[in-house]
Amino acid sequence: MVTDAGTLTTDTLVVFGIVVLALVLFVTELLPVDVTAVLVMVVLMVLGDDGVVNFTHISTAEGVSGFSNPATITVLAMLILSSGISRTGLVQILGRKMAAFAGQDRDRQLLATIGVAGPVSGFINNTPVVAILVPVITDLAHAGKTSPSKLLLPLSYASMFGGMLTLIGTSTNILASDVSARLLGRPFGMFEFTKLGVVVLVVGSLYLLTVGHRLLPERVPVEEDYVQEYAIEEYLTEIAIGEASPLVGKTVDTALDGVEFDADILQVVREGEEFVEPHGRVRIRAGDLLRLRADRATVQQLLDRETVTLTGDPPRTEAELDPEEAVQTLVEVVIPRGSPLAGESLASSTFRQRYDANVLAFRSRGETIRDHMDRRRIRVGDTLLVQAAPDSVDRLASTDDFIVAHEPDHPDYRTDRIPHAAAIMAGVVGLAAVPWGTVGGALARLTGVDAFAALAALSMPILVTALAGVVAMVGAGVLKPTEMYDAVEWDVIFLLAGIIPLGIALEQTGGADFLGGLVAATGAFLPVVGVLWVFYMATGLLTGVISNNASVVLMLPVAVEAANGVDASPFAFVLAVTFAASTAFLTPVGYQTNLFVYGPGGYRFSDYIRVGAPLQLLLSVVTVVGIALFWGV
């Protein structure tokens with residue numbers, strides 16, 4: 001049976017308008033995603049039950065319910081647990097062991113990358129797994145004379161495959177489970193979809209090993225040379241300071257007006273010796289040699305004002321700019337979600353003063369930016385080419401503000417706490433996965449003790465075990481109390497809290513009924529499996545332009561209504577939406593792990609489509625068929 005679409009009311013139109021506003025802001029990034037989510041939450045309440053007019057049917061309590069939602073709290077706890085695992089160095093150690101196995105053979109390197117990222121992402125949130133492994137895989141690529149472009153996108157994709165092995169693999173799974181419980185009274189079990197997750201992992205991995213890596217270009221040269229890779233040769237200049245130069249007596253920080261001159265002083269050389277950081281406080285003297293990042297027009301301005309004199313040849317390679325005996329070094333750093341630099345510029349964030357480092361160039365959304373950088377807004381996923389002293393690089397690596405695409409030589413991991421962390425994670429997963437009713441009944445039958453039957457009433461949801469795991473991590477010394485707050489990606493938490501009420505508004509105003517009825521109308525000429533496939537593809541495309549969590553909240557109520565409209569299993573449609581949102585391969589902006597590898601891999605937007613489109617199509621068929629076989633439609 002195919003039902004008609006629901007009635008389109010004024011309330012429904014208002015909620016649709018809010019959805020469109022959210023989509024536009026998510027896509028354009030005019031506001032950070034977490035700010036957009038809070039804006040949506042405020043608009044829903046202002047136009048809700050307790051507001052000036054009641055269009056959205058959202059009360060104040062419902063508007064802020066996302067903050068107390070079990071999914072939000074569970075994701076928060078899982079982020080902390082994942083941070084605890086990463087601080088032990090367990091994932092990095094696994095990565096290095098696989099690197100030793102891989103050597104310089106590209107196929108083995110790819111197999112090692114997938115072999116670590118996939119399975120591990122099933123038990124540690126896949127976003128931090130990729131953040132941890134980016135420097136490991138980058139170093140593996142350079143050591144094996146392989147372009148990082150050949151390994152980093154497969155790293156992201158493999159983490160998505162692995163995220164579908166268990167409930168806790170991605171925040172999307174946890175959120176979808178909560179929505180499923182609210183709509184259908186059926187949350188996901190810990191290993192609810194593991195069998196299909198294994199199929200997705202195997203099929204996706206085989207694609208990357210046989211077809212995918214052939215479609216990936218070598219965007220980053222095999223020979224690592226940042227100067228040539230970022231094409232900044234024309235922006236590196238050496239100048240000498242004369243006796244009459246107005247720069248004499250000024251500090252490095254104040255010598256050049258950043259508004260008037262698009263230039264940075266990278267190094268001060270005095271009598272053949274480079275200054276050790278912090279060089280920003282060094283006062284310039286006559287006879288000093290300054291190494292600048294500046295374009296030709298800026299250098300000509302300095303020459304015209306008789307401020308400086310050109311001298312020698314500027315460095316043309318990284319070896320010349322960053323020789324082994326130098327006190328400065330070059331590294332790439334990636335801006336992760338939650339970084340205080342996201343949304344700021346180099347000038348407004350006081351980057352040089354805060355980190356005592358210079359940015360020579362950066363990549364943003366496939367564009368390499370070399371001049372007028374101070375006023376350009378930095379976005380999540382951007383990669384900065386930074387020059388800094390080694391201890392400044394270590395500080396960059398130790399903060400959650402960046403992902404340094406190079407492993408520190410002497411990492412400060414708590415390796416003695418690996419057994420504690422592993423046991424705690426096993427407890428979190430195991431206690432939530434145990435079918436207590438079945439266990440109690442079996443024990444009662446075996447022992448004849450009826451008291452064991454009481455275990456059937458025992459419930460250990462993942463929310464409880466995850467929070468208990470956080471306490472255990474701190475108690476066991478895996479994490480320090482202050483590190484818990486640094487581990488949380490607060491923008492993800494605010495995104496969840498802000499977007500959850502939007503899904504409720506879609507249901508309560510009839511918006512989900514209306515959209516579900518429209519999709520259900522396709523059942524007139526498509527079989528149920530075909531309608532299921534339509535939902536998978538629609539969710540994948542939507543996730544490509546907004547966040548995976550937002551697409552789940554928007555699509556799940558519609559999917560349930562569409563399933564009811566074609567007399568299909570609503571749970572099958574819930575699974576299709578969940579898998580599609582958690583395996584979004586088409587763009588770098590829809591899934592955070594894709595953003596993490598965007599800059600270090602030197603990728604273009606088209607690379608994701610070239611490799612991801614066939615993979616998305618392949619897995620759409622595999623997933624839909626798998627759902628039909630395992631759960632029925």
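This report covers the cavities, one bent helix and one loop residue of a predicted model.

## Cavities overall

How many cavities of 30 Å³ or more does the whole structure hold? A search finds 4. The two largest are described below.

## The largest cavity

The largest cavity has a volume of about 140 Å³. Its lining is made up of 16 residues. Nearest the centre lie Thr127, Ser171, Arg337, Asn549 and Gln592.

Several helices contribute to this lining. Helix 5 (70–88), helix 8 (126–143) and helix 10 (171–184) each give at least two residues. Helix 22 (490–508) and helix 25 (548–565) also supply at least two each. By class, the lining residues of the largest cavity are 5 nonpolar, 9 polar and 2 charged.

## The second largest cavity

The second largest cavity has a volume of about 50 Å³. Its lining includes Gly95, Met98 and Ala99, and also Ala112, Thr113 and Val116. Leu133, Val136, Ile137 and Leu140 line the second largest cavity too.

Which elements give two or more residues to this lining? They are helix 6 (90–102), helix 7 (106–121) and helix 8. Helix 8 gives the most, with 4 residues. The lining of the second largest cavity has 8 nonpolar and 2 polar residues, and no charged ones. Helix 8 thus appears at both sites: it supplies at least two residues to the lining of the largest cavity and 4 to that of the second largest.

## A bent helix

Helix 11 spans residues 194–215. Where does helix 11 bend? The bend is at Leu208, by about 50 degrees. Leu208 is also one of the buried residues of helix 11.

The other buried residues of helix 11 include Leu196, Gly197, Val200 and Leu201. Gly204, Ser205 and Tyr207 are buried as well, as are Gly212 and His213. An α-helix has 3.6 residues a turn, so residues three or four places apart point the same way. The cover over the buried residues of helix 11 includes helix 7 and helix 9 (149–163). Helix 26 (570–582) and helix 28 (605–630) are also among the elements that cover them. Helix 7 therefore has two roles to look for in the model: part of the cover of helix 11, and part of the lining of the second largest cavity.

## A loop residue

Ala524 sits in the loop between helix 23 (511–520) and helix 24 (528–543). Is Ala524 buried or exposed? Ala524 is exposed, because its relative accessible area is 64%, and exposed means over 50%.

Ala524 and Val566 are 42 residues apart in sequence. In space, their C-alpha atoms are 8.9 Å apart.

Terms used:
Residues numbered from 1 in each chain as written. Predicted model: local features only at pLDDT ≥ 70, side-chain atom pairs only at ≥ 80, totals over all residues. Heavy atoms only, no water. Buried < 20%, exposed > 50% of the residue type's maximum accessible area, 1.4 Å probe, protein only. 1 Å grid on protein atoms, 1.4 Å probe; cavity = no way out; pocket = protein on both sides within 12 Å on 5 of 7 lines; lining within 4 Å. Points joined across faces, edges and corners; volume = space filled by probe spheres on them. Nonpolar A, V, L, I, M, F, W, Y, C, P; charged D, E, K, R; others polar. Bend = angle between axes of the 7 residues up to and from the residue. Contact = heavy atoms within 4.5 Å.
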